[in-house]
Amino acid sequence: MSFGSLLGLIPKSFGSMGKRLKDKGIDGNFKGEGLVQGGVIVFNNLGEPVYAYQEVTGDELPMKEILDAVQSIRHNSAADSDTTAGSEL
């Protein structure tokens, strides 16, 4: 396998990650499990997942999508409590 083909295995967003980290003043090193991926799961008040994001190495988190998911839970919880409060009378 040539060096050029090995470079093709690196995600395209990986190159811009270094610039973003530098712009944010984040230092790092090559120790540890730097390529371990994670993600975000947002659950509603019933414990049901309403949003999931699997991390892609080098990509920014989709903060707008995550915040929209949290806001939808807040909105639905407020609507549910209004309905419940009215039915207890």
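Student: Is Lys64 buried or exposed in this model?
Tutor: Keep in mind that we're looking at a predicted model. The cut-off for calling a residue exposed is over 50% relative accessible area. Lys64 has a relative accessible area of 61%, so the label is exposed.

Student: Which side chain does Lys64 meet in a salt bridge?
Tutor: Side chains of opposite charge can pair when their charged atoms come close. Here the partner sits in helix H3 together with Lys64, four residues apart, or about one turn of the helix. That partner counts as partly exposed, at 40% relative accessibility. The N to O distance is 2.9 Å, and the residue is Asp68.

Student: How many salt bridges are there by this rule?
Tutor: One is the pair inside helix H3, Asp68 with Lys64. Another joins the side chains of Lys24 and Glu60, with 3.4 Å from N to O. The count comes to two.

Student: How many residues apart are Lys24 and Glu60?
Tutor: Their side chains meet in a salt bridge. The pair links distant parts of the chain: Lys24 is in the loop between helix H2 (13-23) and strand S1 (39-43), while Glu60 is in the loop between strand S2 (49-54) and helix H3 (63-87). The separation is 36 residues.

Student: And is Glu60 exposed or partly exposed?
Tutor: Its partner Lys24 is exposed, at 53% relative accessible area. Exposed needs over 50% and buried needs under 20%, with partly exposed in between. Glu60 comes in at 40%, so the label is partly exposed.

Student: Let's zoom out. In what order do the elements of the protein chain run?
Tutor: The secondary structure comes to three helices and two strands. Reading from the N terminus on, the order is α-α-β-β-α.

Student: How do S1 and S2 run, parallel or antiparallel?
Tutor: S1 and S2 form a hairpin, with five residues between them. Across the pairing, Phe43 stands opposite Pro49 in S2. Five bridges join the strands, and their direction is antiparallel.

Student: Which residue in the turn has a positive phi?
Tutor: The turn belongs to the hairpin formed by S1 and S2. The phi there is about 80°, and the residue is Gly47.

Student: Which element gives the most to the largest nonpolar core?
Tutor: That core has six residues in all: Val42, Tyr51, Tyr53, Ile66, Ala69 and Ile73. S2 and H3 each supply at least two of them. With three residues, the top contributor is H3.

Student: Which residues is Tyr51 in contact with, leaving aside its neighbours within four places in sequence?
Tutor: Tyr51 is one of the residues of the largest nonpolar core. Its contacts include the core residues Val42, Ile66 and Ala69. The full list is Val40, Ile41, Val42, Pro62, Glu65, Ile66 and Ala69.

Student: What percentage of the 89 residues is buried?
Tutor: Buried means under 20% relative accessible area. The protein chain exposes about 7,500 Å², with carbon and sulfur atoms supplying 60% of it. Buried residues make up 12%.

Student: Which residues make the nonpolar surface patch of about 280 Å²?
Tutor: One of them, Met63, lies in helix H3. At 43% relative accessibility, Met63 counts as partly exposed. A residue needs over 30% relative accessible area to join a patch, so Met63 at 43% passes that cut-off. The members are Leu61, Met63 and Leu67.

Terms used: Residues numbered from 1 in each chain as written. Predicted model: local features only at pLDDT ≥ 70, side-chain atom pairs only at ≥ 80, totals over all residues. Heavy atoms only, no water. Salt bridge = Lys/Arg side-chain N within 4 Å of Asp/Glu carboxyl O. Buried < 20%, exposed > 50% of the residue type's maximum accessible area, 1.4 Å probe, protein only. Pairing = 2+ DSSP bridges. Patch = residues over 30% accessible without salt bridge, like charges linked within 9 Å, V, L, I, M, F, W, Y side chains within 5 Å. Areas by Shrake-Rupley, 256 points an atom, 1.4 Å probe, with all protein chains shown as cover. Core = buried A, V, L, I, M, F, W, Y, C linked by side-chain atoms within 4.5 Å. Contact = heavy atoms within 4.5 Å.
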